[in-house]
Amino acid sequence: MPMQAAIPAKTQEVDLKKHEGKAIMVAGRRSSDWIFSAEIIDLTSPIVTALVKRVFGV
């Protein structure tokens, strides 16, 4: 959804529950706590997810 859309951002929120525990790469335009026009561009394998968690201490 574009940043200037006349509807609340939450109405177009992407449900990420199916990706919980995985590292994902998202493209879009960030504004405070929201990423507008978000698109998931990559899902990692379990080994890369473990590496990301270790590096970033998540």
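## Exposure and backbone features of a predicted chain

Leucine 51 is exposed, with a relative accessible area of 52%; buried denotes under 20% relative accessible area, exposed over 50% and partly exposed the range in between (1.4 Å probe, protein chains only). This is a predicted model, in which local features need pLDDT of at least 70 and side-chain atom pairs count only at pLDDT 80 or more, whereas totals for chains, interfaces and linings use all residues. Residues are numbered from 1 along each chain as its sequence is written, and side-chain values use heavy atoms, with hydrogens and water left out.

The mean pLDDT of the chain (the predictor's confidence in each residue, from 0 to 100) is 83, and 81% of the residues score at least 70. Where pLDDT is low, the predicted coordinates should not be read in detail.

Leucine 51 lies in helix H1; helices (H or I, at least four residues) and strands (E, at least two) are DSSP runs, numbered from the N terminus.

Histidine 19, in the segment before strand E1 (24–31), counts as buried because its relative accessibility is 11%. Contacts of histidine 19, not counting residues up to four places away in sequence, are Ile24, Ile40 and Leu43, where contact means heavy atoms within 4.5 Å.

Two serines have a positive phi although neither is a glycine.

| Residue | Location | Phi | Relative accessibility |
|---|---|---|---|
| Serine 32 | loop between E1 and E2 | about 55 degrees | 54%, exposed |
| Serine 37 | strand E2 | about 55 degrees | 35%, partly exposed |
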